[in-house]
Amino acid sequence: MDLGCVPGPQTLGLLRLGYTSVTAVDTSAALLNELRDHASRHAVGRSICTVHADLRDALPRLVDPGTVTAVVCMGDTLPHLPNRADVRQLISDVAGALRLGGSFVVTYRDLSEERRGLDRFVPVRETDDRILTCSLDYIDESTVMVHDLLHIRHAGAWQLTTGCYPKLRLPQQWLIDQCRRAGLAVRHCETTPSGLHILHAVRD
């Protein structure tokens with residue numbers, strides 16, 4: 001199961017790792033269409049089941065308990081859920097869906113430590129014609145407001161597009177504790193140089 005699959009980089013990656021079928025779930029019909037196009041170009045369309053749904057209720061609805069080999073939730077999907085209770089419930093659903101020995105892999109950004117002053121501005125990605133920077137406003141102990149500042153160069157001139165959205169502040173230890181309470185054994189945690197946290201847990 002690929003929860004929050006977007007255009008499917010992890011979905012296709014799971015197939016390359018040897019999984020014979022992957023169910024890909026996302027709330028965006030447009031991104032699921034992109035995934036289906038990618039799958040057809042790679043001749044793996046029959047191995048992928050795309051589901052247009054909210055990942056918060058997808059597992060109990062789509063799979064029988066104890067039958068899933070792996071669940072991934074990659075990118076920065078978890079902090080986009082509305083509240084910590086939703087994260088806690090999702091982890092519980094993952095634990096219920098996994099077979100014994102099954103894996104849960106999640107990546108996310110830990111925004112729990114408040115940034116102040118110029119540290120609130122975070123460079124995200126830069127190419128010759130695109131520069132994405134975020135600024136962070138800390139609302140309360142569980143929420144941060146993210147402001148996207150996207151500069152795009154078009155016809156020799158830079159154009160600015162802005163947007164904002166809330167994200168959850170999920171401390172690494174809190175997420176580890178939720179996995180353990182749900183019956184998952186945390187096998188690996190690390191933080192990449194870009195600040196992305198990687199967590200791997202297994203149902204014992």
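This passage walks through the cores, helices, sheet, hairpin and pocket of a predicted model. Local features need pLDDT of at least 70 and side-chain atom pairs count only at pLDDT 80 or more, while totals for chains, interfaces and linings use all residues. Numbering starts from 1 along each chain as its sequence is written, and side-chain values use heavy atoms, with hydrogens and water left out.

Start with the packing. The largest nonpolar core (a set of buried Ala, Val, Leu, Ile, Met, Phe, Trp, Tyr and Cys residues joined through side-chain atoms within 4.5 Å) has 33 residues. "Buried" here is under 20% relative accessible area, exposed is over 50%, and partly exposed is in between, with a 1.4 Å probe and protein chains only. Leu-3, Leu-59, Val-71, Leu-78, Val-87, Phe-104 and Leu-175 have the most contacts inside this core. Two or more residues apiece come from helix H3 (58-62), strand S4 (68-73), H4, S5, H5 and S11; the elements are DSSP runs numbered from the N terminus, with helices being H or I of at least four residues and strands E of at least two. H4 puts in the largest share, six residues. As for Leu-59, its contacts (heavy atoms within 4.5 Å), leaving aside neighbours within four places in sequence, are Met-1, Leu-3, Val-71, Leu-90, Asp-93, Val-94 and Ala-97. Another core, of twelve residues, lies apart from the largest one, with Leu-12, Leu-14, Leu-15 and Val-72 among them.

Helix H5 (residues 172-181) buries Trp-174, Leu-175, Ile-176, Gln-178 and Cys-179. The cover over these buried residues includes helix H4 (84-97), strand S5 (98-109), strand S10 (184-191) and strand S11 (196-203). Just past H5, Gly-183 adopts a positive phi of about 95°.

Two more helices each hold a well-hidden residue. Thr-11, in helix H1 (residues 9-16), is buried because its relative accessible area is 0%. Not counting neighbours within four places in sequence, Thr-11 is in contact with Asp-2, Cys-5, Val-22, Ala-24, Leu-35 and Ile-48. Leu-32 sits in helix H2 (residues 29-41) and counts as buried at 1% relative accessibility. Beyond residues up to four places away in sequence, Leu-32 touches Cys-5, Ala-24, Asp-26, Thr-50, Val-51 and His-52.

On to the strands. An open sheet is built from four of them, in the order S6-S7-S8-S9, with antiparallel pairing; two strands pair if DSSP finds at least two bridges between them. Strand S6 (121-126) and strand S9 (157-168) each have a single partner strand, so one side of each of these edge strands is left without a neighbour in the sheet. Inside the sheet, nine bridges link strand S7 (residues 130-138) with strand S8 (residues 143-154), and Thr-133 has Leu-149 in S8 as its bridge partner.

S10 and S11 run antiparallel and are joined by seven bridges, with Glu-190 opposite Ile-198 in S11. They make a hairpin with four residues between them, and Gly-195 in the turn has a positive phi of about 95°. Leu-32 and Glu-190 are 158 residues apart in sequence and 29 Å apart in space, C-alpha to C-alpha.
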